[in-house]
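Please open the model in a viewer and keep the sequence panel visible. The tour below proceeds by selection, one stop after another.

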Amino acid sequence: MTNETPATGQTSQTSQTAQTGGKTAARRTHPLLARLAQWHPGLFGQTPQPLKRGIYDDLLALHAAELKAEELGQALAIHTRSTRYLSAVAQGLPRRDLQGQAVEAPAPEHIYQALLEVFRRRQQRSAEDLGPKLRRRIAQAWQASGLTRDDYAQAMHSKKNEQANAVLQAALEEAAAQMAKDEALLRAFEASAQSETDFAQMYGLHPREAARALARARQQRSRV
């Protein structure tokens, strides 16, 4: 699994932290970040967007007179390690260029690593057990990745963090069990020749709950 900073192509301390469970990255700022937000508010403003790979070179080329390479690298490193930025990556939002155009989707590995780090930081500030929410988010990331369960598990496996591997395995097992339940419900619905409302009442389900489960099953079938 590759651990690269999306913006610079350099080794990502964030990815390493997510995999090793190290200390939270220090909250730092860089004066250049304010200028980047002025130049490109859609990327570096209050709602940061995932940056395309190679954005470092694009910024140097566009702002050659105003930027120093070393300072830009430092600013981008701080920016891409921020919780707000990682949250955008964890959502699977597309990577964007300097014009704000979506150019590519984040790699499944980057989404997964961002999820681990964002939830690690949130857990440090919360008395609530965020494990169930993290597992659901991992399951959603797997289903959105287009990878098989085995391929996703292999791609996200950590050689150093067995705790993260346990969370990953639990998330995939829970997701697979839910998918099996949804498929069984869809088959029963198809055999019933009833409306969704009548079917939900027969099974003691809320109509919205039944509709969501049936929709998930149909979506899963479409991917096969």
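Begin by selecting G92: just after α6, this glycine takes a positive phi of about 80 degrees. Helices (H or I, at least four residues) and strands (E, at least two) are DSSP runs, numbered from the N terminus. The model is a predicted one, in which local features need pLDDT of at least 70 and side-chain atom pairs count only at pLDDT 80 or more, while totals for chains, interfaces and linings use all residues. Residues are numbered from 1 along each chain as its sequence is written, and side-chain values use heavy atoms, with hydrogens and water left out.

**Helix α6**

Now select residues 83-90, which form helix α6. Six of the eight residues in α6 are buried, so the helix is mostly covered; buried means under 20% relative accessible area, exposed over 50%, and partly exposed in between (1.4 Å probe, protein chains only). The buried residues to highlight in α6 are Y85, L86, S87, A88, V89 and A90.

**H30 and its contacts**

Move next to H30, in the loop between α1 (13-20) and α2 (31-39). H30 has a relative accessible area of 13% and is therefore buried. Show the residues around it: leaving aside residues up to four places away in sequence, H30 touches E71, Q74, A75 and I78, where contact means heavy atoms within 4.5 Å. A distance may also be drawn from H30 to L72; these two are 42 residues apart in sequence, and their C-alpha atoms are 9.4 Å apart in space.

**D97, a buried acidic residue**

Select D97, which is placed in the loop between β1 (95-96) and β2 (102-104). Which side chain of opposite charge is nearest to D97? That side chain is K52, 7.1 Å away, and D97 is buried yet has no salt bridge. Lys and Arg count here as positive and Asp and Glu as negative, whereas His and the chain ends are not counted. A salt bridge is a side-chain nitrogen of Lys or Arg within 4 Å of a carboxyl oxygen of Asp or Glu.

A polar atom of the D97 side chain lies 2.9 Å from the backbone nitrogen of Q101. Not counting residues up to four places away in sequence, D97 touches L43, K52, I55 and V103.

**A network of salt bridges**

By the rule given above, the count comes to 11 salt bridges. Side chains of opposite charge can pair when their charged atoms come close. For one network of such bridges, select E183, R187, E190 and R221.

Start with E183 and R187, whose closest N and O atoms are 2.9 Å apart in a salt bridge. Both lie in helix α10 (residues 162-192), four residues apart, about one turn of the helix. R187 counts as exposed, because its relative accessibility is 54%.

E183 also forms a salt bridge with R221, again with the closest N and O atoms 2.9 Å apart. This pair links distant parts of the chain, since E183 is in helix α10 and R221 is in helix α12 (residues 207-223), 38 residues apart. R221 is partly exposed, with a relative accessible area of 34%.

Finally, the side chains of E190 and R221 meet in a salt bridge (2.8 Å, N to O). E190 lies in helix α10 and R221 in helix α12, so this pair ties together parts that are 31 residues apart in sequence. E190 counts as partly exposed, at 46% relative accessibility.

**Aromatic pairs**

The structure holds three aromatic pairs. Show F189 and F199, an edge-to-face pair with 5.3 Å between ring centres and 70 degrees between the planes. F189 belongs to helix α10 and F199 to helix α11 (residues 196-202), 10 residues apart, and the pair links distant parts of the chain. F199 counts as buried, at 0% relative accessibility.

Add Y203 to the selection: its ring centre is 4.6 Å from that of F199 and the planes are at 40 degrees, so the pair is tilted. Rings of Phe, Tyr and Trp (its six-membered ring) pair if their centres lie within 6.5 Å; planes under 30 degrees apart count as stacked, over 60 as edge-to-face and the rest as tilted. Y203 is partly exposed, with a relative accessible area of 42%. Ring pairs link F189, F199 and Y203 into a cluster, which is the last stop of the tour.

Technical notes:
Polar contact = N/O pair within 3.5 Å; in protein donor to acceptor, adjacent residues only side chain to side chain.
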